[in-house]
Amino acid sequence: MFKENKLKTILLIIGIIFVAFNLRPSITAVGPIIGDIRADIGISNSVAGLLTTLPLLAFAGLSLFAPKLSTRFGNEWTIFIGLILLGIGIVIRPTDAVSLLFIGTFLVGSGIAICNVILPSIVKHKFAAQVGLMTGMYTLAMSGAASIASGVSVPIAHDLNFGWQGALLFWGAITIVAIIFWIPQLKRNQSDTNKQIANPTESSVWSSKLAWQVTIFMGLQSFLFYCLVTWLPEILHTGGMSLALSGWMVSILQIVGLPSTMIAPYLAGRLVNQKPIMVVVGILYLPGFILLLIGGQLWVIVTSVVLLGVAQGATIGLSLTFLSLRARNAKQAANLSGMAQSVGYLLAAIGPFVIGFMFDLTSSWNGPIITLLIVCVVMTFFGIKASRNAYV
């Protein structure tokens with residue numbers, strides 16, 4: 001019996017890791033080849049931009065419905081539904097038909113949104129004593145896959161002659177593997193799970209002050225992440241850096257954050273409250289933005305990117321860890337996750353537009369960078385509030 005339970009736990013961990021592998025590559029793979037897509041099917045820059053914005057809007061919308069699906073079908077089947085939607089989206093997206101391209105993109109975002117919301121609930125229910133460690137593991141898998149996808153899209157499309165269609169379709173193979181590894185989880189008794197996590201006396205998380213603090217923290221860290229990933233190359237290129245080197249700075253930004261993506265959740269799970277971690281994150285973020293504002297020499301820019309990357313990795317991991325740590329049970333974790341990710345990705349979707357609009361108005365990156373600095377301060381404040389040892 002012990003060996004059987006151990007095998008089930010190992011299969012669950014492997015399943016969670018492979019689900020996490022699917023939560024970003026289908027989105028981050030688009031940016032490097034978006035020029036190929038635009039030129040091939042004849043769409044404008046603004047329309048092409050929707051290919052990266054639409055999944056975020058799907059995140060914002062579908063995140064609210066994922067907990068209801070979980071209540072109806074159970075966590076394991078809801079994850080399976082999300083993977084199927086993701087797989088269908090990946091298959092129909094690589095086409096010259098603009099309508100199918102965007103329908104597929106929306107399905108990709110919808111499938112990822114469902115998995116995004118439910119994973120913290122599964123971690124809370126199955127690994128209540130190891131929330132930080134498990135969150136760190138799947139966040140590292142998610143962020144690592146996202147970084148790889150950004151780097152290999154162009155080689156797959158150009159060097160392997162698969163074209164942009166093949167570069168996008170490639171990630172469907174990982175989805176198939178995730179579905180295969182997740183199938184054993186569907187045999188679990190969902191009715192017992194739902195009975196255990198249900199609590200009719202719980203009030204809505206939307207009325208909780210702590211839930212809003214977690215939500216605002218997640219929203220602002222998403223705002224910063226997508227603004228940096230979108231505009232950092234242009235900021236550096238405007239300052240005199242080559243386009244190629246500017247692109248590598250974005251890769252460095254994500255790669256240096258991978259260790260903190262794992263370490264921050266692990267430490268968070270071992271501490272009574274996470275305020276010390278948030279203070280350190282703020283200390284890293286602020287000089288990162290100040291050095292980016294100063295610019296100039298290469299070492300200044302590299303230092304800025306490294307500081308921002310480490311802080312960014314930590315905040316991504318912490319925001320996901322809070323979804324489990326601040327909830328009493330798996331059902332509450334799913335509801336908090338749905339609330340935080342809905343608002344969070346709405347902010348993420350509008351962030352790059354707001355920063356770009358500010359640059360269009362002023363023809364200078366100083367105002368946008370100062371704005372990001374202010375957002376960082378506000379995010380750190382709400383992160384400290386969300387760090388206290390309490391439940392929503």
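In the predicted model, I301 is found in helix α16. Its relative accessible area is 9%, and because buried residues are those under 20%, I301 counts as buried. Along the chain, I301 and F289 are twelve residues apart. In space, the C-alpha atoms of I301 and F289 are separated by 9.9 Å.

Helix α16, which holds I301, also takes part in enclosing empty space inside the model. Rolling a probe the size of a water molecule over the atoms shows where empty space is left. A search of the whole structure finds one cavity of 30 Å³ or more. The largest cavity contains about 250 Å³ of space. Its lining consists of 23 residues, and those nearest its centre are R24, M142, S143, F225 and I316. Five helices each supply at least two residues of this lining: α8 (131-159), α12 (209-238), α13 (243-255), α14 (258-270) and α16 (298-325). Of the elements involved, α16 gives the most, with six residues. By residue type, the lining of the largest cavity has ten nonpolar residues, twelve polar residues and one charged residue.

Open spaces were examined as well. The largest pocket holds about 1,200 Å³ of space. The lining of the largest pocket comprises 32 residues, and G31, I34, T52, V229 and T230 lie nearest its centre. Two or more lining residues come from each of α2 (25-28), α3 (34-41), α4 (45-62), α8, α12, α13 and α17. The element that gives the most to the lining of this pocket is α4, with seven residues. The lining of the largest pocket divides into 16 nonpolar, 14 polar and two charged residues. Helices α8, α12 and α13 are among the elements that supply at least two residues to the lining of the largest cavity, and α8, α12 and α13 are also among those that give two or more to the lining of the largest pocket.

Helix α17, one of the elements lining the largest pocket, also contributes to the surface of the model. A nonpolar surface patch of about 670 Å² is made by L57, L346, I350, F353, V354, F357 and L361. The largest share of this patch, six residues, comes from helix α17, which covers residues 330-362. F357 is one of the patch residues and is found in helix α17. The relative accessible area of F357 is 43%, so F357 is classed as partly exposed, a term for residues that are neither under 20% nor over 50%.

Two residues stand out in backbone geometry. Most residues other than glycine have a negative phi. N161, although not a glycine, has a positive phi of about 60°. N161 is located in the loop between α8 and α9 (163-169). With a relative accessible area of 66%, N161 is exposed, because the term applies to residues over 50%. S363 is likewise not a glycine and has a positive phi, in this case of about 55°. The position of S363 is in the loop between α17 and α18 (366-386). S363 has a relative accessible area of 61%, and is therefore exposed.

Notes:
Residues are numbered from 1 along each chain as its sequence is written. This is a predicted model: local features need pLDDT of at least 70, side-chain atom pairs count only at pLDDT 80 or more; totals for chains, interfaces and linings use all residues. Side-chain values use heavy atoms; hydrogens and water are left out. Patches are made of residues with over 30% relative accessible area and no salt bridge: like charges are joined within 9 Å, nonpolar side chains (Val, Leu, Ile, Met, Phe, Trp, Tyr) within 5 Å. Accessible areas come from the Shrake-Rupley method with a 1.4 Å probe; for residues, only the protein chains shown count as cover. A salt bridge is a side-chain nitrogen of Lys or Arg within 4 Å of a carboxyl oxygen of Asp or Glu. Helices (H or I, at least four residues) and strands (E, at least two) are DSSP runs, numbered from the N terminus. Buried means under 20% relative accessible area, exposed over 50%, partly exposed in between (1.4 Å probe, protein chains only). On a 1 Å grid over the protein atoms alone, a cavity is a set of points where a 1.4 Å probe fits but cannot get out, and a pocket is an open set with protein on both sides within 12 Å along at least five of seven lines; lining residues have an atom within 4 Å of a point. Grid points are joined across faces, edges and corners, and a volume is the space filled by probe spheres set on the points. Ala, Val, Leu, Ile, Met, Phe, Trp, Tyr, Cys and Pro count as nonpolar, Asp, Glu, Lys and Arg as charged, and the others, Gly among them, as polar.
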